[in-house]
2 protein chains.
Amino acid sequence: MKIKVTKTDLLTGVNTVQRAVSAKNTLPILQGIKLRAENNTLCFEATDLELGIRSSFDAEIIEEGTIVLPSRLFSEIVRKLPDSDVVLESTDHITNINYSGSSFTINGYDPEEFPEIGDVPVEDEIKLPADLFKNMIRQTVFACAAEETRPVFTGLLLHLEEDNLALVGTDTHRLAYRTAKIPGNKQKFKGIVPAKSMQEIYRLLQDDHDLTIYCSKSRVFFNFGSIQLQARLIDGQFPNYKQVIPQKCNTKLLINTKNFTDMVERASLLSKDNLIKTGSVRINVENSVLKINQFSEAGKINEEMKINQDGEDVSISFNSKYVLDLLKIIDSENILMETSGAVNPCIFRPENDQDYLCLVLPLRN
Amino acid sequence: MKIKVTKTDLLTGVNTVQRAVSAKNTLPILQGIKLRAENNTLCFEATDLELGIRSSFDAEIIEEGTIVLPSRLFSEIVRKLPDSDVVLESTDHITNINYSGSSFTINGYDPEEFPEIGDVPVEDEIKLPADLFKNMIRQTVFACAAEETRPVFTGLLLHLEEDNLALVGTDTHRLAYRTAKIPGNKQKFKGIVPAKSMQEIYRLLQDDHDLTIYCSKSRVFFNFGSIQLQARLIDGQFPNYKQVIPQKCNTKLLINTKNFTDMVERASLLSKDNLIKTGSVRINVENSVLKINQFSEAGKINEEMKINQDGEDVSISFNSKYVLDLLKIIDSENILMETSGAVNPCIFRPENDQDYLCLVLPLRN
């Protein structure tokens, strides 16, 4: 293989695929980035067998071929190259990187060992505005579980029911649910996409990309810009999320988002070493006034703000991290809080937006 | 004590003094920030007994007094306060922070226990342009030792000899030396100022500040803007730095700073797992060409660039981190390298600047 490319193109390629490189030291070949030069196109690939990313662009191919280079060393070299043309030339898994009269020689892997990343099927795919899908990810992925003990909660449910697409994330203490319309779609699909793959899509997807999604039995394929990304679905049964979302409530509150965020942040400073329950925040609502009164060894806090109240007075405790996480992704000036008392799931929604909700289970005192 | 201040003023005060708060859990009172309200002035103070910082500004003092608040909690509260007026009111070491109809109450320390930070003497001080002194710190402090086994190397020597001021830092492998003229000064002084204190001055000092320095037997006082900073000198004998700086050399090289930096950075990628010596870079100079040829298990690198050579050919090895550290603080287009072979100290200087040099000991192969 012999190709001539700019440093910028190399850097874009490496940055695009690098996070699919395996972080674990299982198969050595998965530490590699594959470069395939064919038909005036240079294609970068990396995979950890769960997530696969491929990115292609035009390049001057002097001799076609395929190489696999150690990801970490190669990406560090690329970052430090001068801003000039670079010639990559490879024989017997040894690659010369030539630039400005100097050169690097690095030992690669056998490309035959690199797992095949299949092509994205081009039939039955669904189309979605890129900015909409990015926002759907942002509004749901934070609710996924971090620990891998129960795998189904480390992914987002992608649920396609004819013209309705839903993304749902939950760690069993909270649930984030976002829907969008896909006009004219006839397909049905239900699969759990790893949160890590969704975060990569969020990172790589640009608002002006054309995004298509294709769902197969074991994988979901995302195609946008010059990037193809595939994610292996997580096995297991996702909870029936529709069943846990309450359809009515005893109290509806309309609260200024920013002021509420500030109040909870301040209260959480004290609850850090709260003797009763770490990280809890107790909210009292009475006569259209929301109050937080907390104390710890370090001191106490008394906060209050006027809100719009419709329904019964209520007193309810939350894990303050869960409340702050959801407030961070709410862009509207006010937030709607729907509650039926201290033991029932509470729902938060942006004002005037029926496509999104975040459910949080209260803490029992 | 009762005062009315803006959030911004509180935040500036806390940010200015906070890094002098003790990081160690020795004396509880040293975890505190002292606020003294007196004569329409609010004064913030913190100290870990080595470094003391005081910052004052005008404030509405309703009732004079002194309080000491727990630094971490108080600074986090201040950061999260709304952008409005704040009233601090204190009785019996308990302080109420009132804002926008809400309030925090925090338990403070007994101000009697807080160590006195002396006033800065206003006689015999020397004056120096703030931007010059900042640059002097930047060009020398990186050469100080990080580990505290030999305390004298964890500080910068401040050496005043009549109209000449020198700052010198060394960890015994390298030495950075910067001088400046203080016209008309008659004083002599030699003291080792902790690198941490110098870094704080670098952080707080602004180019338009008037800077005065006063040296006493055990402390150095820095006065600038509304800030007074005092540093306790490190006990011990600083090496005779003038003796170790070679006065002549066999080879003088003039090298493009940016290209040299890039070359050494690339070579250091391979030397990370260099089997012979971790982090070493070997430079070969012959006929006005500088070459780096290195190899490791991962591959090899061949770099070369044209330079100006005056004197003998030379081959010399360095710890690449030391070379990169000094190249980072060189602002001139070219760097002058003065060497007398592989075993003698090598001197790097910015082109056309006799006020600064950095000496690096070569690695013996």
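Helices, as named in these legends, are DSSP runs of H or I with at least four residues, and strands are DSSP runs of E with at least two, numbered from the N terminus. The model shown is predicted.

**View 1. The N-terminal annotated domain of chain A.** An unreviewed UniProt entry assigns residues 1–117 of chain A the annotation "domain: DNA polymerase III beta sliding clamp N-terminal". Across residues 1–117 of chain A, helix accounts for 18% and strand for 48%. The C-alpha atoms at the two ends of this stretch are 20 Å apart.

**View 2. The central annotated domain of chain A.** Residues 128–240 of chain A carry the annotation "domain: DNA polymerase III beta sliding clamp central" in an unreviewed UniProt entry. Over residues 128–240 of chain A, 19% of the chain is helix and 43% is strand. The end C-alpha atoms of this stretch are 25 Å apart.

**View 3. The crossing of H1(A) and H2(A).** Helix H1 of chain A spans residues 7–17, and helix H2 of chain A spans residues 71–80. Their axes come within 9 Å and cross at roughly 145°, and the crossing is left-handed. From H1(A), the residues in contact are A:Lys7, A:Leu10, A:Leu11, A:Val14 and A:Asn15, which meet A:Phe74, A:Ser75, A:Val78 and A:Arg79 of H2(A). By class, this contact comprises five nonpolar, two polar and two charged residues.

**View 4. The crossing of H1(B) and H2(B).** In chain B, the axes of helix H1 (residues 7–17) and helix H2 (residues 71–80) come within 9 Å and cross at roughly 145°. H1(B) passes H2(B) in a left-handed crossing. On H2(B), B:Phe74, B:Ser75, B:Val78 and B:Arg79 are met by B:Lys7, B:Leu10, B:Leu11, B:Val14 and B:Asn15 of H1(B). The contact of H1(B) with H2(B) has five nonpolar, two polar and two charged residues.

**View 5. Lysines over tyrosine rings.** In chain A, A:Lys134 lies over the face of A:Tyr202, at 4.9 Å from the ring centre. In chain B, the charged end of B:Lys134 sits over the ring of B:Tyr202, 4.9 Å from its centre. Aromatic pairs number ten in the structure, over all chains.

Key:
Residues numbered from 1 in each chain as written. Chains lettered and ligands numbered in written order. Predicted model: local features only at pLDDT ≥ 70, side-chain atom pairs only at ≥ 80, totals over all residues. Heavy atoms only, no water. Axes fitted to C-alpha atoms, helices over the stretch in contact; angles between N-to-C directions. Left-handed = near helix turned anticlockwise from the far one by under 90°. Contact = heavy atoms within 4.5 Å. Nonpolar A, V, L, I, M, F, W, Y, C, P; charged D, E, K, R; others polar. Phe/Tyr/Trp six-rings, centres within 6.5 Å; stacked < 30°, edge-to-face > 60°. Lys NZ or Arg CZ within 6 Å of the ring centre and 35° of its normal. UniProt positions renumbered as here; feature names shortened; annotations may be inferred.
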